[in-house]
Amino acid sequence: MRLRRLSFLVVSLAVAGGLCLYFQNKPGAVWPSSNDDSLITSIAFRRTYVQAHPGADSIVVPRDWPNGQVTALALYAAGRDVLVHEATGKDRLVQGLTPADLYNPSIVQLALQQNHIGEIPSPSGFNASTDQLAHDFNALKTVGVSVALHPAFASKEGLIAYEWNDGHYTFTVARGCRRYDPPVNSLTGQPCLCLNHGDIFESIAFIVEYRQAHPDEKAVLVLPEIHRAPEIILSAVAFTKGTEVFLHSTLLGDVALDGFKTGKIADSKAVFSAYQHLVEGLMKSRGIKIPMELIKAQLAFPDAMPGDTADLQYQRTLACMRRLGIMSNIIAADSNKKTPAHMMVEFDGLQYGWSYDLQFSCYTEIGDKPAVNSFVHGIIFASNFLKEHPGEKAFCYPCAPLGPLPPGSLVATTVYTLNGKVFSHHQQTGDLEVPLTPAELNDPEKVISVSRKIYRAAYTAQLADRRAAPPANLPVFDQSVLQPEAVARQFDACGVRSKLAPILVKTESGHELQRRAVAFEWAGKAYFYTAEQGCFSPPSTGAPTSMILAQK
């Protein structure tokens with residue numbers, strides 16, 4: 001990866017507030033012990049339980065205390081009953097609660113109150129702080145939670161920091177578990193990512209969130225490197241708001257570009273020049289000559305959460321990018337090539353990199369052509385191709401992705417015959433001739449294997465000298481084509497059976513979040529599509545796809 005050091009510090013918008021179930025704090029209630037780690041033990045129990053009992057439900061019920069502590073208990077389904085897990089190992093039956101009620105917070109809360117469960121926190125069984133920190137760190141790490149351990153040093157107490165349920169938490173022996181919420185941007189309603197030297201990634205997240213919140217407005221990335229300008233400032237976003245143009249910057253915050261017309265926002269050089277003028281004016285007014293001094297002196301948003309590490313920030317960013325439908329990937333450190341861990345994203349046809357350890361983010365090269373999910377695209381292509389060529393064949397075979405996509409996601413290999421030859425259809429490289437006979441197209445495994453080999457060779461050749469292309473002249477990709485509504489319209493146009501059918505995603509804290517989705521049928525099987533995950537099979541959600549389609 002060709003990353004070039006940028007002497008920037010960063011910040012921006014971050015992790016959304018979690019969905020916690022609040023108990024009433026009764027007068028005279030017993031407060032939790034200072035080293036109460038019930039949230040950690042509940043998370044570990046829940047994940048262990050659902051892994052050992054496939055299909056069984058379990059939730060974590062957090063409780064926020066007035067002193068800022070967060071405690072929790074774990075509920076789990078056993079047959080027709082629901083039990084609460086207790087540290088003593090003597091789990092209790094929750095009278096009046098059924099497994100079907102677990103994702104109804106009001107019913108769960110009422111049942112816990114009626115059973116007098118959770119009113120008195122369980123005392124922690126630890127006395128030695130070092131042992132407890134190590135134990136809780138290993139408990140979270142074992143079940144796949146992104147967690148960091150900061151041992152006690154000199155007069156500084158030890159701390160555990162972790163990401164869970166779209167929230168950032170810490171645990172110390174003296175203060176227990178606590179949740180920290182970053183500032184929320186009023187323009188998008190989304191929280192700051194709070195990244196260290198990840199200004200480009202912060203800007204990309206803001207662009208997509210702003211476009212979603214304000215579909216009639218425009219937002220574009222302003223990046224010094226793209227314009228071969230002096231690297232004296234961080235990246236920013238220029239966006240329209242009615243008849244005005246504003247800049248969103250981790251350095252300046254949200255500021256108006258006075259006198260700048262909305263029609264000129266497409267002129268990226270003019271926008272960048274206006275941004276540069278603002279920064280240079282600020283430096284002059286403060287008597288600052290070195291840009292790094294300004295960056296250190298003025299940051300509009302925080303660049304870290306308590307106890308943050310490179311891995312926690314990477315995982316937080318990965319979750320955000322996947323939620324926004326942006327291709328992203330964490331690259332592990334390579335000691336042989338002396339390459340530290342870093343992260344890559346592809347957005348609007350460009351590729352960007354960010355290294356927490358090297359303290360920079362930058363444009364790296366021309367990225368892949370922005371594309372819709374290959375399964376969706378393949379279905380539409382195959383359907384239209386068969387209408388135009390009734391004597392030919394076309395197949396779209398769903399398969400697991402080779403690259404970094406969310407677990408359970410599906411892509412596809414699409415092939416067709418034309419005048420006795422076989423071709424594979426691709427958005428990135430264009431169509432490629434495949435050394436297969438029409439008779440061999442009925443063997444999905446062979447088709448996928450051979451097609452992928454041909455595609456990888458063509459794709460690798462296409463990567464050469466990408467960075468030399470002029471990125472500022474690339475057309476902006478219309479992100480709206482990735483939304484379920486757009487996919488449903490394309491399916492309808494080519495005769496594919498589908499229906500917009502919102503699905504519910506269950507959280508670990510016992511809530512159900514609605515996601516926009518398309519339920520569709522292909523080759524006799526049912527699938528879902530969402531902008532966040534792409535295509536996947538119904539078992540990923542448990543939704544009755546066949547019933548949804550039947551209601552059309």
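1. For what follows, a contact means heavy atoms within 4.5 Å, and it is in this sense that helix α1 (residues 38-52) lies across β1, β2 and β3 in this predicted model. The helix α1 runs at about 20° to β2.

2. The sheet beneath that description is an open one of four strands, in the order β1-β2-β3-β4, and its pairing is antiparallel. Because β1 (58-64) and β4 (92-93) stand at the edges with a single partner strand each, one side of each is left without a neighbour in the sheet. Within the sheet, strand β2 (residues 70-78) and strand β3 (residues 81-85) pair in the antiparallel sense over five bridges, and Leu-75 stands opposite Val-84 in β3.

3. A second open sheet of four strands has the order β17-β18-β19-β20, again with antiparallel pairing. Its edge strands are β17 (394-399) and β20 (432-433), each of which pairs on one side only. Between β17 and strand β18 (residues 411-418) there are six bridges in the antiparallel sense, and Cys-399 stands opposite Val-411 in β18. Here the helix lying across β17, β18 and β19 is α8, which runs at about 20° to β18.

4. Helix α8 (residues 374-388) also packs with helix α10 (residues 484-493), in that their axes come within 10 Å and cross at roughly 20°. This makes α8 roughly parallel to α10, since angles under 35 degrees count as roughly parallel; the crossing of α8 past α10 is left-handed. On the α8 side the contact involves Val-376, Ile-379, Ile-380 and Lys-387, which meet Val-487, Gln-490, Phe-491 and Ala-493 in α10. Sorted by class, the contact of α8 with α10 comprises six nonpolar residues, one polar and one charged.

5. As to confidence, the protein chain averages a pLDDT of 81, and 80% of the residues score at least 70. The mean is highest in strand β19 (residues 421-425), at 95, and lowest in helix α11 (residues 545-550), at 39, so the latter element calls for caution.

6. Two stretches deserve a separate remark. Over residues 1-28 the pLDDT stays under 50, although the model has 132 contacts beyond four places in sequence for them; over residues 540-552 the pLDDT is likewise below 50, and this stretch has 26 contacts in the model beyond near neighbours in sequence. Where pLDDT is low, the predicted coordinates should not be read in detail.

Conventions. Residues are numbered from 1 along each chain as its sequence is written. This is a predicted model: local features need pLDDT of at least 70, side-chain atom pairs count only at pLDDT 80 or more; totals for chains, interfaces and linings use all residues. Side-chain values use heavy atoms; hydrogens and water are left out. Axes are lines fitted to C-alpha atoms, for helices over the stretch in contact, and angles run from 0 to 180 degrees between N-to-C directions. Helices (H or I, at least four residues) and strands (E, at least two) are DSSP runs, numbered from the N terminus. Angles under 35 degrees count as roughly parallel, over 145 as roughly antiparallel, 65 to 115 as roughly perpendicular and the rest as oblique. A crossing is left-handed if the near helix is turned anticlockwise from the far one by less than a right angle, and right-handed if clockwise. Ala, Val, Leu, Ile, Met, Phe, Trp, Tyr, Cys and Pro count as nonpolar, Asp, Glu, Lys and Arg as charged, and the others, Gly among them, as polar. pLDDT is the predictor's confidence in each residue, from 0 to 100. Two strands pair if DSSP finds at least two bridges between them.
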